[in-house]
Amino acid sequence: MQFDQILQYTLSGISTGAIYALIGIGFSIIYNATGIINFAQGEFVMLGGLLTLSCLELLNLPLWAAVPCAVAVSTVVGVLFERLAIRPLRQPTPINLVIITIGGSILIRGLAMLVWGKDTHTIPPFSGDTPIAIGGATILPQHLWILAITLIIIVINKIYFYHTISGKAMRACSYNRRAAGLVGIDVRRMVLFSFIISSAMGAVAGIIVAPLTMTAYDVGVMLGLKGFCAAIIGGMSSGISTVIGGLILGVLESLGAGLISSGYKDAIAFIILLLIMFIRPQGLFGKADSERV
Amino acid sequence: MLEISGITQIFGGVTALDTVSFSIAKGDITGVIGPNGAGKTTLFNIITGIYRQTAGTVQLEGKDVTGFPPERLARLAMVRTFQNIELFGTMTVLENVMVGMHTKSSSGLLACALKMPWSISEERRIREGAMKWLEFTGICDLADHTAGSLPFGKGRLLEIARALAVGPRIILMDEPAAGLNSQETLALSLLIKRIRDLGITIVLVEHDMELVMDICDRIVVLNLGRKLKEGTPREIQESPEVIAAYLGDDD
């Protein structure tokens with residue numbers, strides 16, 4: 001009985017953790033390309049979910065069309081955000097940029113509230129909601145969707161960053177922006193790319209989680225912070241450490257909520273965040289040198 | 001090839017460069033020398049678009065490139081290396097050079113997303129091209145090492161390999177021999193001559209007089225932000241003004 005319960009909490013923790021990982025990687029990609037924490041990242045998660053809802057209900061699109069549509073529109077919002085709010089800054093200091101992303105996040109959330117109202121909305125699961133039994137625990141088909149899509153995105157990400165020239169150029173920007181410019185990399189274009197990738201990933205995360213948790217104009221705040229927490233655990237890497245960070249966070253949160261009290265669910269994430277910041281600010285797996293420029 | 005006219009740079013109240021003009025002929029190795037504080041590095045930073053000068057213009061192959069950012073200059077085939085080598089520390093040696101070839105890759109983000117296999121085959125082509133430059137600079141045995149782990153001398157060679165991978169017609173080197181031992185300096189001078197033999201114009205700022213006198217076709221001497229003298233190594237060595245600037249005036 002106890003074991004089944006723990007298995008159950010772990011399984012659902014892993015799928016929430018996968019979502020946190022996706023959002024966290026979005027944070028890391030922008031951080032590595034620009035040196036800023038994009039606090040509007042959570043809003044793309046919210047936009048993904050709510051835009052899918054609109055595509056389904058207002059445009060009557062089938063799900064397979066609604067999802068790419070929602071991702072595309074969220075990405076356009078990401079591009080506009082970079083173009084209108086980030087790029088025009090002449091002398092961008094990190095603190096200015098961070099505050100701008102917070103402002104952008106409040107703006108996007110406010111507009112979303114006007115468009116979709118304050119109610120929570122649901123999106124139907126991708127393939128029914130007949131539970132699947134695994135050992136003594138059960139998971140929903142949506143959990144499998146989440147795991148599969150997360151895995152695919154992480155693999156594509158890996159291939160992009162390590163096996164394409166464009167991806168290598170983007171990594172080069174994060175290591176040494178000045179040298180990157182000198183070998184002909186258009187750093188500002190790479191910054192735009194980073195916003196494109198991150199907003200698309202955020203939107204996907206928001207879409208695949210929406211059938212489980214419901215969605216509303218303000219889900220981005222909490223999901224964004226959890227994703228940020230995952231990225232911090234992972235030392236702001238856009239690779240596997242952030243994925244592990246997300247999974248650790250998801251599982252601990254789920255176990256804590258199940259075994260202690262669900263009231264502490266969000267507190268657990270922030271306790272972990274604080275502990276990491278105090279003890280290992282370079283992330284759980286990072287080396288102590290912080291050489292990122 | 002490169003025409004510098006009337007470059008003036010004023011930092012606050014200090015005139016770092018005062019109407020400096022000279023031109024660099026295609027295929028030459030030109031040395032820019034001068035005592036410390038003469039404005040050599042400032043001049044380099046202006047030419048390569050890192051600083052914006054107070055006045056004056058820079059023309060590259062007849063085109064006015066004044067104030068162009070470094071990445072545009074790189075696309076126009078002008079690159080530079082740094083006195084304190086600037087590498088992508090956590091990437092491998094080979095990847096560093098591959099990034100240098102980035103401008104020659106046609107696959108942007110969309111192309112990557114849409115035709116991944118094609119993009120990967122292009123990556124293979126670029127990998128081979130990058131290997132060629134590592135061989136040229138003699139560090140291909142280090143291809144898989146992390147750039148940050150290289151000893152200083154090898155790092156310098158890597159920086160040169162990466163600059164060459166951009167496909168430059170002119171390359172500016174800021175104190176390429178700084179921090180190198182005499183053997184490495186000798187190898188460097190041979191390398192620079194081989195780069196020139198590829199048809200690449202070279203401009204270097206350098207303190208190592210032996211190196212400068214050995215490899216340079218022409219030398220420009222700066223002192224206190226002004227051009228003091230310009231000529232062949234022999235003319236420079238025999239010039240009383242230059243000797244006075246370096247050794248102090250007898251008067």
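## A strand pair in chain B

Let's start with one pair of residues: B:Asn223 stands opposite B:Arg226 in E10(B). Keep in mind that this is a predicted model. The strands involved are E9 (residues 218–223) and E10 (226–231) of chain B, and they run antiparallel to each other, paired over 5 bridges.

## The sheet around it

Zoom out a little, and E9 and E10 turn out to belong to an open sheet of 6 strands in chain B, ordered E6-E7-E8-E3-E9-E10 with mixed pairing. Which strands stand at the edges? Those are E6(B) and E10(B); each has a single partner strand, so one side of each has no neighbour in the sheet. From one strand to the next, the twist averages 15°.

Helices pack here too. H7 of chain B (residues 182–197) packs on the sheet, where it touches E3 (29–33), E7 (170–174) and E8 (201–205) of that chain. The direction of H7(B) makes about 150° with that of E8(B). Then there's H10 of chain B (residues 240–247), which lies across E9 and E10 of chain B and runs at about 130° to E10(B).

## A helix tucked away

Is helix H1 of chain B (residues 40–47) largely enclosed or exposed? Of its 8 residues, 7 are buried, so the rest of the structure largely encloses this helix. The buried ones are B:Lys40, B:Thr42, B:Leu43, B:Phe44, B:Asn45, B:Ile46 and B:Ile47. Just past the end of H1(B) comes B:Gly49, which takes a positive phi of about 80°.

## The nonpolar core

The largest nonpolar core holds 156 residues. Which of them touch the most other members? That would be A:Leu22, A:Val204 and B:Ala161. As for helices, H8 of chain A (residues 187–213) gives the most to this core, with 16 residues.

A:Val204 is worth a look of its own. Leaving aside residues up to four places away in sequence, A:Val204 touches A:Leu22, A:Gly48, A:Val71, A:Ile149 and A:Ile153.

## Where the chains meet

How many residues does each chain bring to the contact? Chain B brings 31 and chain A brings 24. On the chain B side, at least two residues each come from helix H2 (70–75), strand E6 (78–81), helix H3 (93–100), helix H4 (109–114) and helix H5 (116–137). H5(B) has the largest share of that side, with 5 residues.

And the mix of residue types? The side of chain B that touches chain A has 15 nonpolar, 9 polar and 7 charged residues. E6(B) turns up twice in this picture: as an edge strand of the sheet, and as one of the elements supplying residues to the contact with chain A.

How values were computed. Residues are numbered from 1 along each chain as its sequence is written. Chains are lettered from A and ligands numbered from 1 in the order in which they are written. This is a predicted model: local features need pLDDT of at least 70, side-chain atom pairs count only at pLDDT 80 or more; totals for chains, interfaces and linings use all residues. Two residues are in contact if their C-beta atoms, placed from the backbone, lie within 7 Å. Helices (H or I, at least four residues) and strands (E, at least two) are DSSP runs, numbered from the N terminus. Ala, Val, Leu, Ile, Met, Phe, Trp, Tyr, Cys and Pro count as nonpolar, Asp, Glu, Lys and Arg as charged, and the others, Gly among them, as polar. Two strands pair if DSSP finds at least two bridges between them. Axes are lines fitted to C-alpha atoms, for helices over the stretch in contact, and angles run from 0 to 180 degrees between N-to-C directions. A nonpolar core is a set of buried Ala, Val, Leu, Ile, Met, Phe, Trp, Tyr and Cys residues joined through C-beta atoms within 7 Å. A residue is buried if 20 or more other C-beta atoms lie within 10 Å of its own, exposed if 12 or fewer, and partly exposed in between; C-beta atoms are placed from the backbone.
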